[in-house]
Amino acid sequence: MEPDGGDTLLAWAARMRAEQPVWRDGSGIVHVFRHADVQRILADPATFSSDTVGRLSHGERQAPRGTLLLLDPPLHGKMRRLISRAFTPGLVAGLEPAITELTAELLDRAEGDRYDLVDVLANPLPVTVIARMLGVPGEDRMLFQGWADQLLNTDPDDPESVRAMEETAVGITAYLQTFIDERRRSPRGDLLGVLVEAELEGERLDDEDIASFATLLLMAGHITTSVLLGNTLMSLDRDPELFARVRADRSLVPAVIEETLRLRPPFTRIERVTTTEVSLGGVDIPENGLVYLWLLSANRDESVFEEADSFRLHRSNGKQAAFGHGVHYCIGAPLARLEGRIALDALLDRYARIEVDPEVRLSWHGTNVFGARRLPLRLERS
C-alpha cells in the first residue's frame, strides 16, 4: 500500500474507473476497475480461468487440488463440495464460544493503556482459531504466524523471495503431514480429521490436497480477519459520532463489518487468466493473458454505490466484492465475519475509549493488501 495509507492508490483507481476502466500496462497485464466488468469476469470461469499457475507456466506446473483459489470447474466444484462437508456453516457457528473465550484471553494479556492491536489481537486471534479448527497444538501459533507472514510477503518478481516461499510451503506440508497421518490412523472430529474422512463420488482427498487447503486457510484466513479488524477500527476512529452510535447500539456491529469490507477490502485485487482471445472494454486480450480484477475499485464504483467513498451504515452491500463472486466466493467469509464481530464487541465491552495513536506513524502492507501492518492504540478501560 502507498505510504499515505492508500489515498494515492484510491485516487488512481478512481481516475482509472473514469478514464481507462480496462487498461493494459507496459508488461501486458490487463487491469479491470469497474464493478460490472469485475462481476462479469468472476461469473465466467470458462473464459477467465483461476488456473494462473498451470496456464502461465504452459502446463509445466500445476496447483495442488486443495488450493481452491487456483482451480477451475468442474474440478473446483468437486473439491469445494468435498471441503464444504468439513467447513459447514454449523461448524463455523459452533466456534463462537471458543472465539469469544480466546478473544478475552488475548485481551487479558494486554497491559497498559497503549498497545498494538495487530500484536495483541488481530494476528493471534485468526491464527489460533485456524490452528484449533485444524486440530494442531495451540502452542504452535507463533510457527503458524511466521508461515502466514512469509507467504503473505512473497514477491513473485524476486527469485529469492519465491524460493523462500517454496521452502515455507515445504515446511508447512511436512508439519501437517504428521497430523494427517495421525488422523488416518485414529480419526478425530477436527477439521483435519473431517478432511481425511470426506468422500465424494467414492473419492477422498489425498495428503497433498489436505495440506494445500490447510495452507490456503492459514494464509487467506489469517490476513482477512487481521486486516478486517484493523480496518474496522480505523474506519470508526475517523468518525467519532459513528463510533459512539455503534458503542451504544451493538446491533450495528454487523453493518459496520460489512461496510468496512466494502470500503477497505483486505485484498485489493485478484487474478484471472484468459482461456481464449477475448475483447473487454475495447481492449483485446490474447489467450493466457493475465488480468487483474481490482476489488478495491469495484467496491467504490459510483454507478453501484451511492456516495461510494463515504462510510454509510445502512446501505445495501449485497453487491460488494470483498469476498469475490460466483463459484469462487470465499468459503471462509462466514468465519471472517464472525471473528470480526466478536472481536469488535469485545473491544467495545472492555474499553470506554479506543483511538488510533496519533503520535505513531503507521506502516502499511504492500499493494495487494489494504491495511496497516501495525495499529497502535490508546485506550481507556471501562
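**Note on the pocket, cavities and backbone of a predicted model**

1. Start with Phe311. Phe311 sits in the loop that runs between helix H15 (295-298) and helix H16 (333-350). The model is predicted. Which residues does Phe311 touch, once its neighbours within four places in sequence are left aside? The contacts are Ser235, Leu242, Val256, Glu259, Thr260 and Leu263. Take Leu263 from that list. In sequence, 48 residues separate Leu263 from Phe311, yet their C-alpha atoms are 7.2 Å apart in space.

2. Phe311 also leads to a pocket. Together with Leu263 and Ser235, Phe311 belongs to the lining of the second largest pocket. The other lining residues are Asp7, Leu10, Met234, Arg238, Asp239, Arg264, Arg300 and Asp309. Two elements give two or more residues to this lining: helix H1 (7-19) and helix H12 (207-237). The volume of the second largest pocket is about 190 Å³.

3. What classes of residue line this pocket? Six of the lining residues are charged, four are nonpolar and one is polar. The aspartates Asp7, Asp239 and Asp309 are part of the lining, and so are the arginines Arg238, Arg264 and Arg300. On the nonpolar side, Leu10, Met234, Leu263 and Phe311 take part.

4. Now the closed spaces. How many cavities of 30 Å³ or more does a search of the whole structure find? It finds two. The largest cavity has a volume of about 40 Å³. The second largest cavity holds about 30 Å³.

5. The largest cavity is lined by Val118, Ser226, Val227, Gly230, Asn231, Met234, Gly371 and Ala372. H12 is the main contributor, with five residues in the lining. One residue to look for is Met234: it lines the largest cavity, and it also lines the second largest pocket. The class make-up of this cavity is four nonpolar and four polar residues, with no charged ones.

6. The second largest cavity has its own set of residues. Ile41, Leu42, Asp44, Pro45, Phe48 and Ser50 are in the lining, along with Arg272, Val327 and His328. Five of these lining residues are nonpolar, two are polar and two are charged. The charged members are Asp44 and Arg272.

7. Check the backbone next. Where is the cis peptide bond? It runs from Pro73 to Pro74, and its omega is near 0°. Pro74 is placed in the loop between helix H3 (52-56) and helix H4 (75-84).

8. Positive phi values deserve a look too. Asn288 is not a glycine, but its phi is near 65°. This residue lies in the loop joining strand S9 (283-285) and strand S10 (290-294). Is Asn288 buried or partly exposed? Its relative accessibility is 25%, so Asn288 counts as partly exposed. The cut-off for buried is under 20%.

9. Glu307 is another such case. Its phi is positive, about 45°, although Glu307 is not a glycine. Glu307 lies in the loop between H15 and H16, and Phe311 is in that loop as well. Because its relative accessibility is 48%, Glu307 counts as partly exposed. Exposed would need over 50%.

10. Finally, the whole chain. The protein has 16 helices and 12 strands. Its C-alpha trace spans about 60 × 60 × 40 Å along the principal axes. Why does the radius of gyration agree with a compact globule? A compact globule of 382 residues would have a radius of gyration near 21 Å, and the protein has 21 Å.

11. Burial and contacts complete the picture. Of the 382 residues, 54% are buried. Take the contacts between residues at least 6 apart in sequence: 69% of them join residues at least 24 apart. The exposed area is about 16700 Å², and carbon and sulfur atoms supply 51% of that area.

Conventions
Residues are numbered from 1 along each chain as its sequence is written. This is a predicted model: local features need pLDDT of at least 70, side-chain atom pairs count only at pLDDT 80 or more; totals for chains, interfaces and linings use all residues. Side-chain values use heavy atoms; hydrogens and water are left out. On a 1 Å grid over the protein atoms alone, a cavity is a set of points where a 1.4 Å probe fits but cannot get out, and a pocket is an open set with protein on both sides within 12 Å along at least five of seven lines; lining residues have an atom within 4 Å of a point. Grid points are joined across faces, edges and corners, and a volume is the space filled by probe spheres set on the points. Helices (H or I, at least four residues) and strands (E, at least two) are DSSP runs, numbered from the N terminus. The radius of gyration is taken over C-alpha atoms; the globule rule is 2.2 Å times the number of residues to the power 0.38. Buried means under 20% relative accessible area, exposed over 50%, partly exposed in between (1.4 Å probe, protein chains only). Contact means heavy atoms within 4.5 Å. Accessible areas come from the Shrake-Rupley method with a 1.4 Å probe; for residues, only the protein chains shown count as cover.
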